[in-house]
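Trainee: I would like to go through this structure before I plan any bench work. Can we take it one feature after another?

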Amino acid sequence: MGKLKKRVVVLAFILIASAAFLAYETFASDRDFFLPEPMGGVKVVIDPGHGGPDGGASSGEIIEGDINLAIAKELEKQLKKKGATVIMTRTKNGDALAEREPGKDFPSIRARKMADLKLREQIALDEEPDMFLSIHGNAVPEEKWRGAQVFYHQEGHPGSELLAKAVQGSIVENVKNTEREALAVRQVYLLKKVPTPAVLIETGFLSNPEERGLLTDPGYQKKMASAIADGVSDYLSQDVQ
């Protein structure tokens, strides 16, 4: 092999090695290129409470169902970033029925609410998720009460308590709007019927003027959703261990 040919081979080798090193450095700077997605393979059903004719709690033009949906959509983004598969029971301002079974008539609002509740239950049954997160807001006659709280059913899935405590802990630490603890309840239908870890997250009180203002702020909604998503991550890490 002549000197010129040797130089060409050496130069080609150097170029290939440099390109490989550059590619490695580029991908190495992105941790996700090497690390598996933290929630890869995890399916989550998010249930934005109320919607449509059942707006939930309200204060003037501020309606709980709209806030629930805004936070739920942000939570959907956060969980998908972590690799989760997310199913929403509703994605619009109407209830789940309006979105999934439009055109149905009911003799009363109460009958529609019951059918809507059963539909949300059926979604959770059909999708067989790893967890069910129901997003709500709170309201009471007195303005002084405030703070998020996570609920689970005493007779629900055994993993619900651990999930509720993980999400509550994350909200306490990251949002700092409450010192409340996760609480067991008996009267929330979906938390009992859904055969998977299931929690209801009351993100705050619309009846408290300051908190009502926060709950309508997109930045705060994102902060709340991020805290919930981190709580889900914490739960999954504990559950694995």
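Mentor: Start with a term: a salt bridge is a side-chain nitrogen of Lys or Arg within 4 Å of a carboxyl oxygen of Asp or Glu. Keep in mind that this is a predicted model.

Trainee: How many salt bridges does a search of the whole structure find?

Mentor: Side chains of opposite charge can pair when their charged atoms come close. With the 4 Å cut-off applied, the search of the whole structure gives a count of 13.

Trainee: Lys 43 forms a salt bridge with which residue?

Mentor: Lys 43 lies in strand β1 and its partner in helix α5, so the pair ties together parts that are 84 residues apart in sequence. At 24% relative accessibility, Lys 43 counts as partly exposed, and the partner is partly exposed too, with 26%. The closest N and O atoms are 3.2 Å apart, and the partner is Glu 127.

Trainee: Are Arg 120 and Asp 47 buried or exposed?

Mentor: Arg 120 forms a salt bridge with Asp 47, with 2.7 Å between the closest N and O atoms. This pair links distant parts of the chain, Arg 120 being in helix α5 and Asp 47 in strand β1, 73 residues apart. Buried means under 20% relative accessible area, and both Arg 120 and Asp 47 are buried.

Trainee: Which residue is linked with Asp 47 and Arg 120 in a network of salt bridges?

Mentor: Arg 120 and Asp 47 form a salt bridge. The network holds these two and one further residue, Asp 116.

Trainee: Why does the pair of Lys 82 and Asp 230 tie together parts far along the sequence, and how many residues apart are they?

Mentor: Their side chains meet in a salt bridge of 3.4 Å, N to O. Lys 82 counts as buried at 18% relative accessibility, whereas Asp 230 counts as partly exposed at 28%. Lys 82 lies in the loop between α3 and β4 and Asp 230 in helix α9, so the parts they tie together are separated in sequence by 148 residues.

Trainee: Turning to the interior, which element supplies the largest share of the largest nonpolar core?

Mentor: In soluble globular proteins, nonpolar side chains tend to be buried together. Here the largest nonpolar core has 38 residues, and Ile 46, Leu 75, Leu 79, Met 131, Leu 133, Ile 171 and Val 232 touch the most other members. Elements that each supply at least two of its residues include β1, α3, β5 and α6. The largest share, 9 residues, comes from α9.

Trainee: Which residue of α9 does Leu 133 touch?

Mentor: Leaving aside residues up to four places away in sequence, Leu 133 touches Val 44, Val 45, Ile 46 and Asp 47, along with Leu 75, Leu 79, Leu 163 and Val 199. Helix α9 spans 218-240. The remaining contact of Leu 133 falls in that range, and it is Val 232.

Trainee: Is Ser 160 buried or exposed?

Mentor: Ser 160 is placed in helix α6. Not counting residues up to four places away in sequence, Ser 160 touches Tyr 152, Thr 196, Pro 197, Ala 198 and Val 199. Its relative accessibility is 0%, so Ser 160 counts as buried.

Trainee: Which element gives the largest share of the lining of the largest pocket?

Mentor: About 450 Å³ of space lies in this pocket. Its lining has 21 residues, with His 50, Asp 54, Leu 117, His 136 and Leu 190 lying nearest the centre. The lining divides into 8 nonpolar, 6 polar and 7 charged residues. The largest share, 5 residues, comes from α5.

Trainee: What is the phi of His 50?

Mentor: Most residues other than glycine have a negative phi. His 50 lies in the loop between β1 and β2, and Glu 64 of helix α3 is one of its contacts. Although His 50 is not a glycine, its phi is positive, at about 65°.

Trainee: Is Glu 128 buried or exposed?

Mentor: Glu 128 lies in the loop between α5 and β5 and has a positive phi of about 50°. Its relative accessible area is 65%, and exposed means over 50%, so Glu 128 is exposed.

Definitions and conventions: Residues numbered from 1 in each chain as written. Predicted model: local features only at pLDDT ≥ 70, side-chain atom pairs only at ≥ 80, totals over all residues. Heavy atoms only, no water. Core = buried A, V, L, I, M, F, W, Y, C linked by side-chain atoms within 4.5 Å. Buried < 20%, exposed > 50% of the residue type's maximum accessible area, 1.4 Å probe, protein only. Helix = DSSP H or I, 4+ residues; strand = E, 2+ residues; numbered from the N terminus. Contact = heavy atoms within 4.5 Å. 1 Å grid on protein atoms, 1.4 Å probe; cavity = no way out; pocket = protein on both sides within 12 Å on 5 of 7 lines; lining within 4 Å. Points joined across faces, edges and corners; volume = space filled by probe spheres on them. Nonpolar A, V, L, I, M, F, W, Y, C, P; charged D, E, K, R; others polar.
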